[in-house]
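Let's take a relaxed walk through this structure, with a few stops along the way. Keep the 3D view open as you read.

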Amino acid sequence: MKVAVIGAGTMGRGIAQAFAQCDEVEKVYLCDIKQEFADGGKDMVKKGFDKRIAKGKMAQEDADKILNKIQTGLNSQAVDPDLVVEAALEVMDIKKATFKELQEDIVKNPDCIFASNTSSLSITEIGNGLPKPIIGMHFFNPAPVMKLVEVIAGINTPAADVAKVVEISEKLGKTPVQVNEAPGFVVNRILVPMINEGIQVYSEGVADIEGIDSAMKLGCNHPMGPLELGDYIGLDIVLAIMDVIYKETGDSKYRACTLLRKMVRGKHLGCKTGIGFYKYENGAKTPVDKL
Ligand code: CAA
């Protein structure tokens, strides 16, 4: 099987790694709008492997085998994939234009399945006006580690595509959960309002940043507290998901916290900008008082 991953950011490169680690996958095209972005994504995968090799958890030859399957380039290299997984920016017009170009001008395999890794946008709307249907194939960060794939059917997604993407997810060693399209699907509909509530609790001065995170880790056995997880996902993504769920449902319980919006406006996005609820410096993480 050949797979094209469109977008070499955090999710795209993680998804590319997950596919390249699967024995049934012979080639992964890791694509972006600039060669250097695609190369940068592959380089991050390599750096992750280097760390594991240094710890004696991975053999160099296994790393090389996986990395050799990942071919970087522009979207135009994706001529013969069996599956496209789009992980571009969470902007509807960009996703639509990307799929249009792939379907009309680039991908020549008539049986190729076109999937989006969108975290909350409507699969039906992404597919509107396109020659071929779209399916949701939603991975979780870090994609090589997290076991879940949400397989999302829009109203025009063929059942055969759902069955195929379920089968492919299982081959990757993931557990697929079939989801009917709805704002935020399953995980983000529940998880992201919880993170938003964590930010609200903090902005009301109920506890400090580390207190809130410790409470949720120790009280609920979550691997990360809501504020550190927000930083990890990216607060811009958290806000975008809240806004989509709020807009689609019109329900005020999904209103984004004003502190979240202010932080995104100020580029305090979390790990990716080096500052969010925590400051990330020289591998250390310290809480930043926002009140
Ligand atoms: N890429 C690849 N592998 C990674 C990785 C990454 N970015 N980060 C960690 N790993 C691997 C490590 O190499 C390690 O593997 P080995 O044991 O084989 O060496 C393993 O994961 C565990 O990593 P660590 O020991 O460094 O750290 P940890 O045990 O604290 O786990 C974690 C890290 C997996 C991220 C854990 O903290 C966790 O599960 N956090 C919650 C993550 C979560 O909730 N993700 C979902 C976010 S929501 C989302 O993604 C959807 C959306 O649309 C927004």
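**A walk among charges**

K96 is a buried residue, with a relative accessible area of 18%. That label fits because buried means under 20% relative accessible area. Before going on, bear in mind that you're looking at a predicted model.

So what does K96 pair up with? Its side chain meets that of E125 in a salt bridge, at 3.0 Å from N to O. This pair ties together distant parts of the chain: E125 sits in helix α5 (residues 123-127) and K96 in helix α4 (residues 92-106), 29 residues apart. E125 has 32% relative accessibility, so it counts as partly exposed. As a bit of background, side chains of opposite charge can pair when their charged atoms come close.

Now have a look at K95. Is K95 buried or exposed? With a relative accessibility of 0%, K95 counts as buried. K95 has a salt bridge as well: E90 is the partner, and the closest N and O atoms are 2.9 Å apart. E90 is partly exposed, at 24% relative accessible area.

Next stop, helix α2, which covers residues 35-54. Here K46 and D50 are four residues apart, about one turn of the helix. Their side chains meet in a salt bridge, with 3.1 Å between N and O. K46 has a relative accessible area of 38%, so it is partly exposed, and D50 is partly exposed too, at 32%.

Helix α2 also holds R52. R52 counts as partly exposed because its relative accessibility is 39%. Which residues does R52 gather with on the surface? Together with K51, K55 and K57, R52 makes up a patch of positive charge there.

Not every salt bridge comes as a lone pair, either. E24, K164, E167 and K171 are linked in a network of them. And how many salt bridges are there? The count comes to 14.

Let's finish away from the charges, at C271. This cysteine is found in the loop between α11 (258-265) and β9 (278-281). C271 is partly exposed, because its relative accessibility is 34%. Setting aside neighbours within four places in sequence, what does C271 touch? C271 is in contact with D231, Y232 and Y280. There's also G234, 37 residues away from C271 along the chain, yet their C-alpha atoms are separated by 6.9 Å.

Conventions. Residues are numbered from 1 along each chain as its sequence is written. This is a predicted model: local features need pLDDT of at least 70, side-chain atom pairs count only at pLDDT 80 or more; totals for chains, interfaces and linings use all residues. Side-chain values use heavy atoms; hydrogens and water are left out. Patches are made of residues with over 30% relative accessible area and no salt bridge: like charges are joined within 9 Å, nonpolar side chains (Val, Leu, Ile, Met, Phe, Trp, Tyr) within 5 Å. Accessible areas come from the Shrake-Rupley method with a 1.4 Å probe; for residues, only the protein chains shown count as cover. A salt bridge is a side-chain nitrogen of Lys or Arg within 4 Å of a carboxyl oxygen of Asp or Glu. Lys and Arg count as positive and Asp and Glu as negative; His and the chain ends are not counted. The place of a charge is taken as NZ of Lys, CZ of Arg, CG of Asp or CD of Glu. Helices (H or I, at least four residues) and strands (E, at least two) are DSSP runs, numbered from the N terminus. Buried means under 20% relative accessible area, exposed over 50%, partly exposed in between (1.4 Å probe, protein chains only). Contact means heavy atoms within 4.5 Å.
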